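This report describes a protein structure in running text, with one small table. It starts with a pocket and then turns to helices, ring pairs and single residues.

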Amino acid sequence: VERQRQKKEAQVVKEEQSEFFLAAFARDREAVEALLAAGALEEAATRLQALQKLLTGSVRFLAPYEVRQGQETVARLQGDLAARRQELQPKKKFAFRALKKEAAPGSAARPAEPDPPVPAAPGSDLAEGESGGPPLCGFSGAQDKELELGPAELLQQDVLLSELRGCRVRLRGNPNTLRVRDCRGCTVLCGPVSTSVLVDGCSDCLLALACQQLRTHRTRDCRVYVQVTSRAVIEACSEVSFAPYSWSYPGIERDFESSGLDRNINNWNLVDDFDWLATDKPSPNWSLIPDQERITCWD
């Protein structure tokens, strides 16, 4: 009888916590949407980060579908924020240029100065955003190349890596979001990401990621070294293995401070598999990398 009473009380507390979370989450979501509509992007970004932290701190008592809905809402708002930033960027003003003096006879004409290049590794194209959106920072369609971006190119940028084959990518800096899509046989080493990482449709990849939220879809045979403040989520995945984040580079501590991630919180070994509902048996779709098989030197 006592056990039943305690169980009932625990269930009541859990339901009350869930109701409080849902009300607070809805209120903050509406506030972010209103700020985005008004163009107050910096305040919207701050409120969105607080919304992510609310979700992260509540996953222990939320049902899986509530966690999933919350993650999808945060991801949608992050996309809306990126789109509004692009939309509200000041457009370049048109101006007439002064006519150049005619060159003296026999002298070579001075070539016009080219526009500054968009930051990217040599020989690679910047990946395009989804659904005809604005260009994102990143790489697309490269094969067997060493690709790299530094802190100046990455700071609070939305990064997309897509359709890479056999590449090694080093992202030294603090992006806002990271998406890794349809990559094969690649190594992706990334500094701390302020919000979410999405890995979709990848195979035979090695990933080192630090973020608030990690979602992995349609991915197989990948090893993920991760620091994540919420629980990682996998869906339609197989043979995915996890270990704690261990990549490092000069300046990474500064990037962690910029990202707002708490280095003392790491749920690398807590994974929710949306395709495995049994609670008494572990999911066969993911595992932990044994200590003796973990990478300690990345260079």
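A pocket is here an open set of points on a 1 Å grid over the protein atoms alone, with protein on both sides within 12 Å along at least five of seven lines, and its lining residues have an atom within 4 Å of a point. By this definition, the second largest pocket is lined by 14 residues. Nearest its centre lie Val-271, Asp-272, Asp-273, Trp-276 and Ala-278. The volume of this second largest pocket is about 370 Å³. Strand β13, residues 271-273, gives the most to the lining, with three residues.

**Overall make-up**

The model is predicted. Its 299 residues include 43% that are buried, and the protein has five helices and 14 strands. Of the contacts between residues at least 6 apart in sequence, 38% join residues at least 24 apart.

**Two helices**

Helices α2 and α3 are set side by side in the table, each with its reach from first C-alpha to last.

| Helix | Residues | Number of residues | Reach | Expected at 1.5 Å a residue |
|---|---|---|---|---|
| α2 | 41-58 | 18 residues | 26 Å | 26 Å |
| α3 | 64-88 | 25 residues | 36 Å | 36 Å |

The reach of α2 is close to the expected value, and that of α3 is likewise close to its expected value. In α2 the buried residues are Leu-41, Ala-44, Ala-45, Leu-48, Leu-51, Gln-52, Leu-55, Thr-56 and Ser-58. In α3 they are Glu-66, Val-67, Gly-70, Gln-71, Thr-73, Val-74, Leu-77, Gln-78, Leu-81 and Arg-84.

Arg-68 also belongs to helix α3, but this residue is partly exposed, at 32% relative accessible area. Apart from neighbours within four places in sequence, Arg-68 is in contact with Glu-235 and Phe-274. The C-alpha atoms of Arg-68 and Val-233 are 8.6 Å apart, although 165 residues separate the two in sequence.

**Gln-213 and its contacts**

Gln-213 is a residue of strand β9, which covers residues 213-217. Its relative accessible area is 1%, so Gln-213 counts as buried. Which residues does Gln-213 touch, not counting those up to four places away in sequence? They are Gln-52, Gln-71, Val-74, Thr-195, Ser-196, Val-197, Val-228 and Ser-230. Among these, Gln-52 is one of the buried residues of α2, while Gln-71 and Val-74 are among the buried residues of α3.

**Aromatic pairs**

A search of the whole structure gives five aromatic pairs. One of them joins Tyr-225 and Trp-298, whose ring centres are 5.1 Å apart and whose planes lie at 85°, an edge-to-face arrangement. Tyr-225 is in strand β10 (residues 220-228) and Trp-298 in the segment after β14 (286-288), so this pair ties together parts that are 73 residues apart in sequence. Both partners are buried: Tyr-225 has a relative accessibility of 1%, and Trp-298 has a relative accessible area of 9%.

Tyr-245 and Phe-256 form another pair, with ring centres 6.4 Å apart and planes at 75°. Why is this pair edge-to-face? Planes over 60 degrees apart count as edge-to-face, and the centres need only lie within 6.5 Å for rings to pair. Tyr-245 is located in the loop between β12 (238-244) and α5 (252-259), and Phe-256 in helix α5 itself, so the pair ties together parts that are eleven residues apart in sequence. The relative accessible area of Tyr-245 is 10%, which makes Tyr-245 buried. Phe-256 is also buried, with a relative accessibility of 3%. The ring of Phe-256 has a further partner: the charged end of Arg-263 sits over this ring, 3.8 Å from its centre.

**Positive phi in two loops**

Two residues that are not glycines have a positive phi: Asp-182, at about 50°, and Arg-218, at about 45°. Asp-182 is in the loop between β5 (177-181) and β6 (187-192), and is partly exposed, with 27% relative accessible area. Arg-218 lies in the loop between β9 and β10. Those two strands have appeared above, β9 as the strand of Gln-213 and β10 as the strand of Tyr-225.

Methods
Residues are numbered from 1 along each chain as its sequence is written. This is a predicted model: local features need pLDDT of at least 70, side-chain atom pairs count only at pLDDT 80 or more; totals for chains, interfaces and linings use all residues. Side-chain values use heavy atoms; hydrogens and water are left out. Rings of Phe, Tyr and Trp (its six-membered ring) pair if their centres lie within 6.5 Å; planes under 30 degrees apart count as stacked, over 60 as edge-to-face and the rest as tilted. Helices (H or I, at least four residues) and strands (E, at least two) are DSSP runs, numbered from the N terminus. Buried means under 20% relative accessible area, exposed over 50%, partly exposed in between (1.4 Å probe, protein chains only). A charge sits over a ring if NZ of Lys or CZ of Arg is within 6 Å of the ring centre and within 35 degrees of the ring normal. Contact means heavy atoms within 4.5 Å. The expected span of a helix is 1.5 Å times one less than its number of residues. On a 1 Å grid over the protein atoms alone, a cavity is a set of points where a 1.4 Å probe fits but cannot get out, and a pocket is an open set with protein on both sides within 12 Å along at least five of seven lines; lining residues have an atom within 4 Å of a point. Grid points are joined across faces, edges and corners, and a volume is the space filled by probe spheres set on the points.
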